[in-house]
Amino acid sequence: MATVAEPSVVSGGAHKASIRFTVNNVEHVVEGPNPRTSLLDYLRETAGLRGTKVMCREGGCGCCTVALMRPDPLQPQQMLTESVNSCLLPLCSLDNRHVITIEGLGGQRQGFHILQKRMVHYNALQCGYCTPGFIMQMYSLLAGKASPSLQEAEDLFDGNLCRCTGYRPILDAVKSFAEGQPGVVDIEVIVSMTIPKLDADESMNTYKIMMRAQNAHAYVSAGFRWRLCRHDGSSVIVQAATLVFSGVSSKLVHAYKTEKFLIGKDLGLPTTLKGALAELMVELEPEEDPVLASPAYRKILAMALFYKFYLLQVDDGVVSSRVRSARTILQRQVSRGEQTYDTQPDLYPLTQPLPKLAALLQTSGEAQFTDDVPPSRSELFAAFVTSTRGSANLASLDVMRALAMPGAVRVLQASDIPPGGHNTFMPPPFAPEEMLCSQEVLYAGQPIAFCLADSADVAQSMAGAIDVIYSDLRKPLISLDEAVAASSFWPSLEGDLKVGDAEGAIAKAPRSVQGEIHIGEQAHFYMETQVCRCVPTEDCLEVQTAHQWQDLAQDGVAYALGLKAKDVVVSARRLGGSFGGKATRANIVACCTALAAYLTRRPVRCAMNFNTNMEALGRRHRYLVKYKVGFHEDGELIGVLITYYCDSGSANNDSEVQETLLFADNAYKCANWHLISVAVKTDIPSATWCRSPGSLPVIFVMENIIEHIARELRKDPVEVQRQNLYRKGDITPNGFHLDYCSIRDVYSKLLQMADVTNRQADIVHYNASNRWKKRGLSVVPIKYGISWSFGHFLCAVSVYANDGTITISHGGIECGQGINTKVAQVCAHILGIPMKIISVAPTNTLLSPNAQATGGSISSELNCLAVQNCCDELRRRMDPVRESLPPNVTWLELVKACFNKKINLRAQHWVWPDDRNDGPQYNSYGVTAAEVEVDVLTGESITSRVDILFDCGQSLNPAIDVGQVEGAFIMGLGYWLTERVTYDPVSGRLLTRGTWEYKPPCSKDIPVDFRVHLLKDAPNPVGVLRSKASGEPPQCMSCSVLFAVKHAVDSARSELGLKEYFVMDGPATPDKVALSCLLDPRQFTF
């Protein structure tokens, strides 16, 4: 039994004398429980059970999910097992309850639970940070129903988010227990409830329309209940009616006047429908709110839901067959997936689809992330104070209330930076970016102060208690359009690329089009927030940080504190997701934490609050793009002129100007290009690199141009794509020779595999038969250049003479992409040894100094290349000894013999490829076909099917690479469909800074039918062991989903006689989709 006393409450509240509960069958007694303490904090900080993870503290991510057992209120002798968000569950509520955490299921000492093994079997994890929460959600379901239905399994994860995997393998894992499969626990619970039935003459329905399929606030919710009298024929008389709406305004709307109008009316008469809509039009008065969808959408949506319900009450003889599609909401089927690839068994473990090395430890919560390191006795905890507005000056800070709190230690400001140090987290040659604001507040959310306390809760409370006074307030420049109009630009290099005479060619072209596109931001949404732990030692600062770029962290900390690089040692075992967001932006957390440790001479930890993380640090760059294109009558490109206005925000260190020029052409040939890239300056956090930086938006732009040309010529976009695809031997606008171009072959194979022609014909028929449901299909190819020249890493392979085991150290960071597993596979393959005798050390600046950031899709392959060279060197040293030994010598015997010959059993290799003047190291090619169905009345869509054919060369590990393809695509799907970023126009503050407002995809947003094929028999002659990268290129094909939605909207607009091209900016959220369909209540007929 564990007995603990909770620390005193920060402010107010009576304490219960004690509570008693169990955690994993161990009794806990808490004396004087603190009402502020959540179960999550108790588990992690007091019980030391850090397998349960923390992210949002809002109940919106599922990382903190645990199982709770309690008596069934209907059958007290039975126990109910239910999943709970431990971040929201007060510790005080647990009296006489039983908690089960991930540690209670299994682990490496007691053996792993079947759920944990099943997740590994299905390769259902990448970074692993969210994995314990998913497993506990599965456990809670299966505890009550050992063999759920496939639909129950599909519906399970409405509160669990994953940024890495794309969900498909997680769903497959839980579905493996469905429909008669063996169960995992022997608890069976049956609960029955009696719900009053509607009378025979009553009809009722409710609706909830959301930005995504699960776990989101409704745009509008509606409930309708009518009592009807049906006569012979088509007469349906309303005797009573109730119509209620929420989301239209801040108050519930009860449409009394419309109800009154309906009483006694015959629903089969067009005049009844028209009159009711007229009444409803007056009663619905939406309010403006910058976080919500537009008032116009919420009003038309409420009326459309009424229209849906109305048509349900009217007989088919009255409602035409084309209109009946209005009656229903979109019906999503149980999802399925298919993955195909080839392997080479003679090369195993190379090319073998293996799980990640640490996969089982991730499923049990034993894989340690930075914030899982237990705190030392003297450790301090830190939290940022951030500005609530931008475009102002910092007048003063009142810290007295914060410092008066029990447990408060210190509040650091810019003036606390030591002599010789610098107030910047970006060391030279980067431009300075302040660690803590000294005077001018550049953006809302900018860090101002750093609070230190003896607990994380007190530090966060201190941050909220500090009063910040501003002066010289100005209107922040938030709008990208306004910034461009004001010529608010950063100086930019290499922002102009000319090939031929684009302007002249366009002027002479038989046909031309022009237009502009807006593309929004995207949060990285890594599940592990920014975190750093810094420990002062006798000779250095040990900086344990969730960072993609340890060399930058070392330089940044040293420069900020006036130290030398030798005085700072940076390390990381793994990251809980990153996607580019933990490269330069992680430095502010590392530098401030190091500053606190340096000044206090105590260990300091900062695990950034999720909302602060979202508000203080930048996202993917947003764009305004203007283009003009000339082309022949057959669609062949003649000249392309594009200007990219790329919003860098309040700093320009992470500019994407060069990337826009490298990827602008996508997969298309043209003789004349003029590409202009402009870095825009606005009053928002500095934008930063995000998975597929630059390439993701500009490939969308090029595909948008192809779509525009196709509409102008009344052609299928597939025809225009085929007309312009590159061929082997072509030269890109950047002067790169395409010596191994296979895009035309890959394109043709995908069209055949996905049966695109027949499906397009089916869609035409479906759309002609349905007024209010529309389908669309889009095909998107990519050419994605992979450049090695900016990557440099030091790797070493150490063989231990005593037992022959091996440790690999490399310069990359394991962040879910499987880098550790791939380097181990390469090592095992070349040395001819089993994987089980290989371990991979955590990365640090002692073993791997001067390493480039992990990113750009090249870190895995370059570190594999370095390990390959290390192993080749070891073989060269060992082969002479091998030749002197019997032919069947074991590895251990060989190692011992080499050691006795005084041979060095450690080899290291520094990899830094030379620049290639003729282009990238190689190009990856891929093609995707996406099909969607759209509810025209609501704007909702379902991605019905996605087929991806991707050239991964000869995959080093197909299981990992398929996971990368799927995860990248789903992250892109969120970018194009659900992830809307909104600012307050007055203060400049981010409004979508929490899980309640910002919506990455959930498990039911993924394609219903998700087919991923790695191109077979396609070894890469210039890759590492014939492989290609997989982390970023597939994401650039995710815009196919937006274009498929756009094609469905095209069909809806054609119902109104509209054939001209229209723009659909990203993200295409349901409100944008519905409004693009130009809904009008006058269209709501029988």
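1. In this predicted model, Lys208 carries the UniProt annotation "binding site", taken from an unreviewed entry. Lysine 208 sits in strand β7, which spans residues 202-210. Its relative accessible area is 46%, so lysine 208 is classed as partly exposed, the class between under 20% and over 50%.

2. Apart from neighbours within four places in sequence, lysine 208 is in contact with Ala216, His217, Ala218, Val220, Ser221 and Glu940. With alanine 216 there is also a polar approach: a polar atom of the lysine 208 side chain lies 3.2 Å from the backbone oxygen of alanine 216.

3. The second annotated position is Glu1032, which the unreviewed UniProt entry gives as "active site". Glutamate 1032 belongs to the loop that runs between β35 (1009-1014) and α26 (1039-1054). Buried or exposed, at 9% relative accessibility? Glutamate 1032 counts as buried, because its value falls under the 20% limit.

4. The surroundings of glutamate 1032, with residues up to four places away in sequence not counted, consist of Arg691, Ser692, Pro693, Tyr784, Gly856 and Ser857. Of these contacts, the one with tyrosine 784 includes a polar contact of 3.4 Å between the two side chains.

5. Helix α2 covers residues 114-121, and its buried residues are Leu115, Gln116, Arg118, Met119 and Val120. An α-helix has 3.6 residues a turn, so residues three or four places apart point the same way. The buried residues of α2 pack against three helices: α3 (131-144), α5 (168-175) and α9 (359-363). After α2 comes asparagine 123, with a positive phi near 50 degrees.

6. The structure contains six cavities of 30 Å³ or more. The largest cavity holds about 110 Å³ of space. Its lining is made up of Met55, Ala523, His524, Phe525, Tyr526, Thr529, Phe610, Asn613, Met614, Leu617, Gly618 and Arg619. By class, this lining has seven nonpolar residues, four polar and one charged.

7. For the second largest cavity the volume is about 70 Å³. The residues that line the second largest cavity are Leu161, Cys162, Arg163, Gly166, Tyr167, Phe525, Met527, Ile970, Met971, Pro1000 and Pro1001. Nine of these lining residues are nonpolar, one is polar and one is charged. Phe525 appears in the linings of both the largest and the second largest cavity.

How values were computed. Residues are numbered from 1 along each chain as its sequence is written. This is a predicted model: local features need pLDDT of at least 70, side-chain atom pairs count only at pLDDT 80 or more; totals for chains, interfaces and linings use all residues. Side-chain values use heavy atoms; hydrogens and water are left out. On a 1 Å grid over the protein atoms alone, a cavity is a set of points where a 1.4 Å probe fits but cannot get out, and a pocket is an open set with protein on both sides within 12 Å along at least five of seven lines; lining residues have an atom within 4 Å of a point. Grid points are joined across faces, edges and corners, and a volume is the space filled by probe spheres set on the points. Ala, Val, Leu, Ile, Met, Phe, Trp, Tyr, Cys and Pro count as nonpolar, Asp, Glu, Lys and Arg as charged, and the others, Gly among them, as polar. UniProt positions are given in the numbering used here, feature names are shortened, and annotations may be inferred rather than shown by experiment. Helices (H or I, at least four residues) and strands (E, at least two) are DSSP runs, numbered from the N terminus. Buried means under 20% relative accessible area, exposed over 50%, partly exposed in between (1.4 Å probe, protein chains only). Contact means heavy atoms within 4.5 Å. A polar contact is a pair of N or O atoms within 3.5 Å; within protein, one must be able to donate a hydrogen and the other to accept it, and residues adjacent in sequence count only if both atoms are side-chain atoms.
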